[in-house]
Amino acid sequence: MNDFWIACGHHLLDRDESGGLCVTDEFLKAYFVRPELVPPDEACPVERRLHRALLAAPRRPVGAEEIDAIVDADARENWRLVLAFRDLLLRHPTLEQAYLATVRSGTSDLPPLFVNQLVHVILRNALDGCDDPFVLRAAELFFRPQRILPQEQALLLGDEEVVGGQSPTPVLSLMSMLGALTDAELDVLREDNAGDYWRRSDQFDMAFDLTAGGRGPAALAQAMAGWISHLLGIDVSIEPLRELRDARLTWYVGLDADATRLGDRLWHGEQLDDRSAGRVLSLFRLTFADASVAADEMRGEPVHLILSMNADQKLRMKPQNLLTGLPVKHLEMAT
């Protein structure tokens, strides 16, 4: 079976009887040996001692006074952040439970980097055994910001970090025959190169076609259904829609901050202008396999999911909204 997203560290984790990810010393040590935390030559003795102690005993309690004694301010902040993340993981039986507790609280001080890394490894667990590169590339939207790529006849997404690090206006390799010149080339994931995804999955360098009616929206729908099933134990069916006007928003979930704002405007009866409507990238209809799990007021009505880009033509998906925004009676975790 093909492996993918090896860099997320899933192989360092254990699993409980229900399939949830259990933190291990090896997983914690992987954070402590990151360049941001390895003491430089000029580091103070307190920081060096703390680093050695945590490599020997990654679950060792660390008091605030120990962090405060570190001389370098940046090092103090780095240690505070990573130890807060470590303590979150240690407070819960599984990473899934730690994540869900965080998003339900609505008060997390964790930096987005840590949250995205947690989503990354949990999603790797949820999609374990998936053999469809299109679903896996779609799932990258959960934890990797995307940029809309210039193309008149298709909706193409490129990884923001990869695109931003190479060129502000990348040219897709399928367009190279037109003679366009640029420093950056991205391959669009297609049927004839899908097999390349397995060796490139940790590079995040394949563009994704989210054009309505194509394979992309269906792949994203499958990834979202798997995410909900894994974390909430709820089976849902999600289907892409072609037009915003096809949706009667009895209940909606914005899959990013901009989509939530657009949904709020529609909910209050406002007509979207062409510019606002043009920021909607995809629309989906979600139905529950078991209608009894939905809130009574839904009466079998579907839930609509809205995905949009911001004014800078970037997409920052918020997968937690799929867990906290659904109208369900009980939000118990499956793992």
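The following questions and answers concern a predicted model of one protein.

Visitor: What pLDDT does the protein average, and over which residues is the pLDDT below 50?

Guide: Of the residues, 90% score at least 70, and the average pLDDT is 89. One stretch has a pLDDT below 50, although the model gives this stretch 31 contacts beyond near neighbours in sequence. That stretch is residues 167-183.

Visitor: Is E160 buried or exposed?

Guide: E160 is found in helix 8, which covers residues 160-166. Its side chain makes a polar contact of 3.1 Å with the side chain of R147. The relative accessible area of E160 is 15%, and the cut-off for buried is under 20%, so E160 is buried.

Visitor: Which are the edge strands of the open sheet with the order 8-10-11-9?

Guide: This sheet has four strands with mixed pairing, and its twist averages 25° from one strand to the next. An edge strand pairs on one side only. In this sheet the edge strands are strand 8 (236-241) and strand 9 (252-254).

Visitor: How many bridges join strand 10 to strand 11?

Guide: Strands of a sheet pair through backbone hydrogen bonds, either parallel or antiparallel. Strand 10 (residues 280-288) and strand 11 (residues 303-308) run antiparallel. L286 has V303 of strand 11 as its bridge partner. The number of bridges joining strand 10 to strand 11 is six.

Visitor: What angle does the direction of helix 10 make with that of strand 8?

Guide: Helix 10 spans residues 215-232 and packs on the sheet. There it touches strand 8, strand 10 and strand 11. The angle between the directions of helix 10 and strand 8 is about 155°.

Visitor: Is the aromatic pair of Y99 and W227 stacked or edge-to-face?

Guide: The model has 13 aromatic pairs. In the pair of Y99 and W227, the rings lie 5.6 Å apart centre to centre. Their planes are 65° apart, and planes over 60 degrees apart count as edge-to-face, so the pair is edge-to-face.

Visitor: How many residues apart are Y99 and W227?

Guide: Y99 is buried, with a relative accessible area of 1%, and W227 is buried at 0%. Y99 belongs to helix 5 (residues 95-105) and W227 to helix 10, so their pair links distant parts of the chain. The two are 128 residues apart.

Visitor: Which residues do ring pairs link into a cluster?

Guide: Rings of Phe, Tyr and Trp pair if their centres lie within 6.5 Å. Such ring pairs link a cluster made up of F4, W5, F143, Y197, W198 and F204.

Definitions and conventions
Residues are numbered from 1 along each chain as its sequence is written. This is a predicted model: local features need pLDDT of at least 70, side-chain atom pairs count only at pLDDT 80 or more; totals for chains, interfaces and linings use all residues. Side-chain values use heavy atoms; hydrogens and water are left out. Buried means under 20% relative accessible area, exposed over 50%, partly exposed in between (1.4 Å probe, protein chains only). A polar contact is a pair of N or O atoms within 3.5 Å; within protein, one must be able to donate a hydrogen and the other to accept it, and residues adjacent in sequence count only if both atoms are side-chain atoms. pLDDT is the predictor's confidence in each residue, from 0 to 100. Contact means heavy atoms within 4.5 Å. Two strands pair if DSSP finds at least two bridges between them. Axes are lines fitted to C-alpha atoms, for helices over the stretch in contact, and angles run from 0 to 180 degrees between N-to-C directions. Rings of Phe, Tyr and Trp (its six-membered ring) pair if their centres lie within 6.5 Å; planes under 30 degrees apart count as stacked, over 60 as edge-to-face and the rest as tilted.
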